[in-house]
Structures are given as structure tokens and as C-alpha cells.
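Hello,

Here is the structure I promised to pass on. Please have it open while you read the notes below it.

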Amino acid sequence: MNQESIRAALRALPIELPSWGFANAGTRFGAFPEPGVARDIYEKIEDAATVHRLTGVCPTVAVHIPWDLPPVGKTWADIAEFAKSEGVAIGAINPNLFQDHDYKLGSVCNPDLAVRKKAVAHLKECAEIMEVTGSKLLSIWLADGTNYPGQDDIKSRRQRLIDSLAEGYAAMPDDGEMLVEYKLFEPAFYHTDLADWGTSYTVCQKLGDRAKVLVDTGHHGHYTNIEFIVSTLISEGRLGGFHFNDRRYADDDLIVGSANPYALFCIFHELINGNDGKTAFQTAYMLDQSHTVEKKIEAMVLSVLNVQTAYAKALLVDRAALAEMQVAGDVMGAHAILRDAYETDVRPILAAAREEIGRPADPLKALASDEIVKERRARRQVEPARASGAGLGA
Ligand code: RM4
Ligand code: MN
Ligand code: MN
């Protein structure tokens with residue numbers, strides 16, 4: 001692929017930012033506040049808009065309900081309007097079905113019908129927010145599962161899961177999609193109701209065509225070949241999107257591409273392969289990270305650059321030559337083609353792709369001296385927030 005097409009392809013891949021990645025977060029051992037950090041939905045949107053201003057590829061911001069709520073007297077329509085004024089839009093709506101004490105034994109799979117009803121009502125509330133904000137995605141992650149054999153009936157839980165999600169599905173706008181995320185373990189340690197892509201996939205089949213699987217890159221067992229899952233889901237028409245992040249041990253939620261950039265490159269190779277062999281399959285590319293010691297806006301910018309780096313390298317793969325090597329059974333030759341692309345320094349391509357649309361060649365450098373960000377960080381340390389907005393571990 002020529003350089004001009006690569007630059008165009010990079011600009012045509014929108015990356016959605018998570019509101020919660022801009023707020024103070026921590027581990028279960030503690031949280032260390034960052035001075036001037038975003039404290040409410042307005043400030044999170046401002047910071048997401050900064051990343052978009054610097055990179056040109058992050059037009060939407062995902063929200064988590066009720067971590068993100070309009071203040072008293074304001075509505076989601078007002079928030080959507082504010083986002084627009086900042087140059088971004090509201091992206092995926094993420095219900096929170098894991099923090100209320102009622103959810104101790106699960107949300108949509110809970111043995112108690114009253115709790116399931118509460119969870120379904122929350123799904124419907126989120127479907128309503130989609131309507132008001134114009135969001136097209138209802139992104140589900142559940143903490144549901146059990147810690148001990150016999151704790152609950154696994155078979156019954158699956159039926160509760162399907163019945164409850166079906167109600168949420170029906171409540172979505174006609175053009176809305178439900179993304180069904182899976183995670184191997186945590187917080188449950190014996191079984192998880194949506195533990196892997198196969199479980200999510202079969203649940204999506206029961207729900208309808210607009211239910212698709214969300215792949216969070218940090219939610220697998222070690223050594224899982226994620227690109228193989230991606231390829232399979234594309235073939236089956238059920239890849240709904242990504243939550244990008246990186247990990248070494250469990251659900252670490254570190255900056256994507258910081259631990260295993262090669263795996264990210266291989267994922268993008270399959271995303272191109274599963275599409276037209278030219279550009280990546282169109283799906284919801286989202287970041288899902290929790291920044292505990294790193295500066296949040298900086299971490300987000302670097303994450304975007306790392307995703308673009310992996311994509312640019314995958315775009316460089318000589319697919320015609322690769323196909324020839326594969327047919328000829330030339331194992332080392334085929335592998336070398338991928339390695340060649342992966343070893344290429346794509347930083348000049350990324351810089352040119354940005355400069356062509358008036359964005360800085362080096363967004364991290366530009367961020368370090370950004371006057372708007374400096375002013376905001378200073379102001380937030382003296383002025384009260386405009387809304388409440390607790391996040392995970394905040
Ligand atoms: C989960 C999962 C979800 C995210 C929550 C906070 O592990 O990745 O996507 O919303 O964490
Ligand atoms: Mn996730
Ligand atoms: Mn996670």
C-alpha cells in the first residue's frame with residue numbers, strides 16, 4: 001500500500017476514548033490523585049476533546065452510568081450539546097451492573113428476581129440515554145459469576161442472562177447495537193457468566209443480529225491467540241468492537257501497546273485480512289484503560305499513537321507476496337513478510353498523517369506545552385467541579 005493510502009486509512013480509523021480513563025483511579029490498595037485531573041462528565045469530555053484535537057482520530061467518548069451523570073437540572077441532551085461544543089460526541093453507553101450492593105450475587109443473573117428487574121431497568125435507562133445522546137452502542141460488561149461450586153445453578157443463570165439481556169436489547173433504538181463483552185475471571189473466581197468469546201457469541205445469537213461480541217484485549221487467559229478470535233468473529237459477522245489495553249498478569253488495563261505491541265500488530269493484520277485486504281474491518285475501536293500512576297491525558301494520547309502504529313505496520317504488509325509464500329508453503333518467507341512490516345519505523349507516516357489535517361506531528365510534545373490544558377489543570381485545583389462523578393477506585 002502506498003504512503004498516501006496509509007495516511008488516509010489511519011485517519012479513517014476512529015478510536016473512542018473512555019471517560020473513566022481521564023478520572024482518578026486506583027487499585028484495591030489505594031488511589032493516588034493527579035492534580036488537575038477531570039472530576040466530572042464535563043471535564044472528562046474536555047480532556048477527551050483535547051486528545052481529539054491533538055490526534056484528529058478520537059471523535060467520540062464512551063460514558064459509564066452512573067459514574068457519569070449530568071448535574072441536577074441538566075439532562076443528557078445538555079451533555080451531548082456540551083460534547084458537540086467541544087468538538088466530540090457521546091459514544092458507547094456503558095451500564096454499571098457491578099457496584100451496587102444488590103449485585104453481590106450478580107446483576108442480570110442474580111437468583112433474586114427483584115435484583116434482576118433492577119438490572120434490567122438500568123439497561124433500559126441506558127437505552128434511553130442512547131436515544132437522547134444519539135449513541136449507537138450499548139456496551140455490556142457484567143461482573144456476574146460465582147466463587148464456589150454449587151453456589152448457584154449455572155444452567156439457570158444462563159437463562160436469566162439471556163432473558164434479561166433480551167429486554168435490554170428490545171429497549172435499544174432500532175439502529176442501536178448491543179456489545180457483549182466477556183472476561184475470563186474477576187471479580188468472580190469459580191465461574192463467570194460471560195467468560196469467553198464463545199459464551200458471548202452464543203448469547204448474541206439468541207439476542208439478535210444487532211448483538212455482537214466485544215473483545216477486551218486484557219480479558220483472556222495467558223497465551224490466548226486474540227487475533228484468531230478476531231478473525232473468527234469477523235467471519236461470523238459478530239465482531240462488535242474492541243476495548244484496547246495491555247496487560248502482563250490479569251486485567252491490568254495498562255496503556256495499549258506498552259506490553260505487547262507485536263500482538264496488537266497481529267490483531268490489525270487479521271482486521272485487514274478479514275476485511276478487503278486493504279483497510280481494517282469497520283468496528284467500534286475503543287480504549288478501556290485505568291490510569292493509576294501515569295498522567296491520564298498523556299496516557300491516552302500515547303495509547304492512540306500505539307494503536308495507529310500497529311495499524312500502520314499492518315497496512316505495510318505485502319499481501320500479494322504473502323499469499324504467494326503461503327501457497328508455496330514457504331514458512332520462513334511468509335513469516336519474514338510480516339516481520340518486515342513490523343520492523344518498519346512508521347513514525348514519519350503517522351506524523352505526516354496528522355500534519356496533513358493540521359494536527360501536531362508530535363502530539364505528546366504538543367501536549368507538554370499546551371496552554372489550554374495547563375490552564376484547565378490549574379483551574380480545577382481551585383474551582384469546584386460542575387457535577388459529581390466518582391469513578392472506579394476514585
Ligand atoms: C471491566 C471491563 C469493562 C469496564 C469495567 C470498569 O473489567 O473491562 O469494560 O467497563 O471493567
Ligand atoms: Mn473492557
Ligand atoms: Mn477490564
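This is a predicted model. I start at the surface and then move to the ligands.

Leu184 is partly exposed, at 41% relative accessible area. Leu184 sits in the loop that links β8 (177-181) to β9 (191-192). Together with Phe185 and Phe189, Leu184 makes a nonpolar surface patch. The accessible area of the three adds up to about 300 Å².

That loop between β8 and β9 also holds Glu186 and Pro187. The peptide bond from Glu186 to Pro187 is cis, with omega near 10 degrees. Glu186 is not a glycine, yet its phi is positive, about 80 degrees. Glu186 is partly exposed, with a relative accessible area of 34%.

Now the metal site. The manganese ion (ligand 3) has two protein donors, His219 through NE2 and Asp251 through OD. They lie 2.2 to 2.3 Å from the ion. His219 is in the loop between β10 (211-216) and α7 (226-235), and Asp251 is in the loop between β11 (239-244) and α8 (261-273), so the pair ties together parts that are 32 residues apart in sequence. His219 is buried, at 5% relative accessibility. The manganese ion (ligand 2) is 3.9 Å from the manganese ion (ligand 3).

His219 and Asp251 are also among the residues around ligand 1. Others there include Trp67, Trp141, Glu181, Lys183, Asp216 and His243. Three polar side chains are worth a look:

- His64 places a polar side-chain atom 3.0 Å from an oxygen atom of ligand 1.
- Asp251 has a side-chain N or O atom 2.9 Å from an oxygen atom of ligand 1.
- Asp288 has a polar side-chain atom 2.8 Å from an oxygen atom of ligand 1.

How much of ligand 1 does the protein bury? Alone, ligand 1 exposes 290 Å², and the protein buries 94% of that.

Some backbone points remain. Ile65 and Pro66 are joined by a cis peptide bond, with omega about 10 degrees. Pro66 is in the loop between β4 (60-65) and α3 (76-85). Tyr223 has a positive phi of about 70 degrees, although Tyr223 is not a glycine. Tyr223 lies in the loop between β10 and α7. Is Tyr223 buried or exposed? Tyr223 counts as exposed, because its relative accessibility is 84% and the cut-off is over 50%.

Last, helix α14 (residues 371-380) carries Arg377. Arg377 is buried, with a relative accessible area of 13%. The side chains of Arg377 and Glu298 share a polar contact of 2.9 Å.

Best wishes

Technical notes. Residues numbered from 1 in each chain as written. Chains lettered and ligands numbered in written order. Heavy atoms only, no water. Patch = residues over 30% accessible without salt bridge, like charges linked within 9 Å, V, L, I, M, F, W, Y side chains within 5 Å. Areas by Shrake-Rupley, 256 points an atom, 1.4 Å probe, with all protein chains shown as cover. Salt bridge = Lys/Arg side-chain N within 4 Å of Asp/Glu carboxyl O. Helix = DSSP H or I, 4+ residues; strand = E, 2+ residues; numbered from the N terminus. Buried < 20%, exposed > 50% of the residue type's maximum accessible area, 1.4 Å probe, protein only. Donors = N, O, S within 2.8 Å, 3.2 Å for Na, K, Ca; no water. Near = heavy atom within 4 Å. Polar contact = N/O pair within 3.5 Å; in protein donor to acceptor, adjacent residues only side chain to side chain.
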